[in-house]
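The following note is intended for a colleague who has not yet examined this entry. Its points are numbered for ease of reference.

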Amino acid sequence: MKVLAKPKKKSRLTDYVEGKYSLTNEEGTAFIVGEVIFNIWVECDGHTEISEIIANTAKILRLDQEKTEELKKAVPDIINQLVDKGLITSDLETEKIAHIH
């Protein structure tokens, strides 16, 4: 699986209930995510590198060094899952699609 260098949101926050966030993709499918994944999604602005997303998320969640290392290992899979669900994309993918048309 390819990890995107600068992922970008292509979905929206549609609900929040008791620590769970509902993110809805462009097709209208909603996915419930927890605080860690939500904070990673928030950082996906199309300009922020993966390493910065990890650092920012760790800071926001006040993770210690051990938990930050766990986050570093998990983020590539999380990013790929968000892409697979249609919740984020990358500026590179948009650029390639634009050149085909």
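At roughly what angle do the axes of helix α2 and helix α3 cross? The points below take up this matter and then turn to the aromatic rings. The model under review is a predicted one.

1. Helix pair. Helix α2 comprises residues 50-60 and helix α3 residues 65-84; their axes come within 10 Å and cross at roughly 130°. Because angles from 65 to 115 degrees count as roughly perpendicular and those over 145 as roughly antiparallel, α2 is classed as oblique to α3. The crossing of α2 past α3 is right-handed.

2. Residues in the helix contact. On the side of α2, the contact is made by Ile50, Ile54, Thr57 and Ala58, while α3 contributes Thr68, Leu71, Lys72, Val75 and Ile79. By character, the residues of this contact divide into six nonpolar, two polar and one charged.

3. Overall architecture. The chain contains four helices and five strands. In sequence order these elements follow the pattern β-β-β-β-α-α-α-β-α. Of the contacts between residues at least 6 apart in sequence, 58% join residues at least 24 apart. The chain has 101 residues, and buried residues make up 35% of them.

4. Aromatic pairs. Three aromatic pairs are counted in the model. One of them joins tyrosine 16 to tyrosine 21; this pair is tilted, with 4.7 Å centre to centre and 50° between the planes. Tyrosine 16 has a relative accessibility of 46% and therefore counts as partly exposed. Tyrosine 21, at 14%, counts as buried, because the limit for that class is under 20%.

5. The stacked pair. Tyrosine 21 also pairs with phenylalanine 38, and here the rings are stacked: the centres are 3.7 Å apart and the angle between the planes is 0°. This pair links distant parts of the chain, since tyrosine 21 belongs to strand β3 (residues 20-25) and phenylalanine 38 to helix α1 (residues 35-43), with the two positions 17 residues apart in sequence numbering. Phenylalanine 38 has a relative accessibility of 11%, so this residue counts as buried.

6. The ring cluster. Which residues do the ring pairs link into a cluster? The cluster consists of Tyr16, Tyr21, Phe38 and Trp41. Within this cluster, Tyr21 takes part both in the tilted pair with Tyr16 and in the stacked pair with Phe38.

Note on methods
Residues are numbered from 1 along each chain as its sequence is written. This is a predicted model: local features need pLDDT of at least 70, side-chain atom pairs count only at pLDDT 80 or more; totals for chains, interfaces and linings use all residues. Side-chain values use heavy atoms; hydrogens and water are left out. Axes are lines fitted to C-alpha atoms, for helices over the stretch in contact, and angles run from 0 to 180 degrees between N-to-C directions. Angles under 35 degrees count as roughly parallel, over 145 as roughly antiparallel, 65 to 115 as roughly perpendicular and the rest as oblique. A crossing is left-handed if the near helix is turned anticlockwise from the far one by less than a right angle, and right-handed if clockwise. Contact means heavy atoms within 4.5 Å. Ala, Val, Leu, Ile, Met, Phe, Trp, Tyr, Cys and Pro count as nonpolar, Asp, Glu, Lys and Arg as charged, and the others, Gly among them, as polar. Rings of Phe, Tyr and Trp (its six-membered ring) pair if their centres lie within 6.5 Å; planes under 30 degrees apart count as stacked, over 60 as edge-to-face and the rest as tilted. Buried means under 20% relative accessible area, exposed over 50%, partly exposed in between (1.4 Å probe, protein chains only).
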